[in-house]
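Colleague: Could you take a close look at one part of this model for me, the metal site, and tell me how it sits in the rest of the chain?

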Amino acid sequence: MTDCVFCRIVAGRIPSTRVYEDEQVVAFMDIGQVNPGHVLVAVRSHVENLFSLEDAQAEAVARATARIARAIRNAFSPGGLSVYQANGAVAGQTVFHYHVHLVPRLEGDGMAFTWPVRNPPREELESHAARIRAALS
Ligand code: AMP
Ligand code: ZN
C-alpha cells in the first residue's frame, strides 16, 4: 500500500530508526516516544489489524515482542512495560497497519488507561463466553 506510512517505513522509502527485523517483522522507534525506548513491532506485509493477521505473522510478532521487551528492560531499566495494540479507530488505532507498542513505564509518567469495571453476574459471563465459543468453532 503506497499511502500507508508503515509500508513506506518497511520499504525504506521514509526514514525510521530500526531496532530489529526478520522475515515477518520490522521493529522501530515510535516517533512519539511516550517514554524513552518506546518501540513499535510491525508486520512487514500490509495487514490492517489483528483480525486479518495470519498465524505465522502472529507467532513472529509474539516472539519479537518478548525479545525486544527484554532488550528494553536491559537497556533502560524501566519500572515496568506496557504492551498496547489497537484495532479500529474506536479502539484508538491511528495507523492502519498492524503493530504492537512496547512502552517502557515510569512512575507518574502520565500514561493513563481508563478501564470501567462492571462486574456483571456469572450468567452474563456464561452467555458472552458461549457466543465466543460458538464463533470459534
Ligand atoms: P496507533 O495509534 O496504535 O495506531 O499508533 C500509531 C503510532 O505510530 C503512534 O504512536 C505514532 O507516534 C507512530 N508513528 C506514526 N508515524 C510514525 C513514523 N513515521 N515513524 C515512527 N512512528 C510513527
Ligand atoms: Zn501498510
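Modeller: Happy to; I will begin with the metal site and then move outward to its surroundings. Please keep in mind throughout that this is a predicted model.

The zinc ion (ligand 2) has two cysteine and two histidine donors: Cys-4 and Cys-7 each offer SG, while His-46 and His-97 each offer ND1, at 2.1 to 2.3 Å. The arrangement is tetrahedral because the angles subtended by the 4 donor atoms run from 105 to 119°. As a reference point, four tetrahedral donors would ideally give angles of 109.5 degrees.

Along the chain, the donors of the zinc ion (ligand 2) are spaced as C-x2-C-x38-H-x50-H. His-46 belongs to the loop between strand 3 (39–43) and helix 2 (55–76), and His-97 to the loop between strand 4 (80–84) and strand 5, so this pair ties together parts that are 51 residues apart in sequence. The two histidines can also be set side by side for accessibility. His-46 is partly exposed, at a relative accessible area of 29%, whereas His-97 is buried, at 0%.

The loop between strand 3 and helix 2 also holds Asn-49. With a relative accessible area of 10%, Asn-49 counts as buried, because the cut-off for that label is under 20%. Leaving aside residues up to four places away in sequence, Asn-49 touches Asn-87, Gln-93 and Tyr-98.

Next comes the largest pocket, which holds about 390 Å³ of space. Its lining is made of 24 residues, and those nearest the centre of the pocket are Phe-6, Asp-30, Ile-31, Leu-40 and His-101. Helix 1 (5–11), strand 2 (25–29) and strand 5 (99–105) each give at least two residues to this lining. Sorted by class, the lining has 15 nonpolar, 8 polar and 1 charged residues.

Finally, the overall frame. The protein has 3 helices and 5 strands, which follow one another along the sequence as α-β-β-β-α-β-β-α. Its C-alpha atoms fill a box of roughly 50 × 40 × 25 Å along the principal axes. Of the 137 residues in the protein, 32% are buried. Among contacts between residues at least 6 apart in sequence, 52% join residues at least 24 apart.

How values were computed. Residues are numbered from 1 along each chain as its sequence is written. Chains are lettered from A and ligands numbered from 1 in the order in which they are written. This is a predicted model: local features need pLDDT of at least 70, side-chain atom pairs count only at pLDDT 80 or more; totals for chains, interfaces and linings use all residues. Side-chain values use heavy atoms; hydrogens and water are left out. On a 1 Å grid over the protein atoms alone, a cavity is a set of points where a 1.4 Å probe fits but cannot get out, and a pocket is an open set with protein on both sides within 12 Å along at least five of seven lines; lining residues have an atom within 4 Å of a point. Grid points are joined across faces, edges and corners, and a volume is the space filled by probe spheres set on the points. Helices (H or I, at least four residues) and strands (E, at least two) are DSSP runs, numbered from the N terminus. Ala, Val, Leu, Ile, Met, Phe, Trp, Tyr, Cys and Pro count as nonpolar, Asp, Glu, Lys and Arg as charged, and the others, Gly among them, as polar. Donors are N, O and S atoms within 2.8 Å of the metal (3.2 Å for Na, K and Ca); water is not among the atoms, so sites may look incomplete. Four donors count as tetrahedral if all angles lie between 85 and 135 degrees; four count as square planar and six as octahedral if opposite donors are over 155 degrees apart and all others between 65 and 115; anything else is irregular. Buried means under 20% relative accessible area, exposed over 50%, partly exposed in between (1.4 Å probe, protein chains only). Contact means heavy atoms within 4.5 Å.
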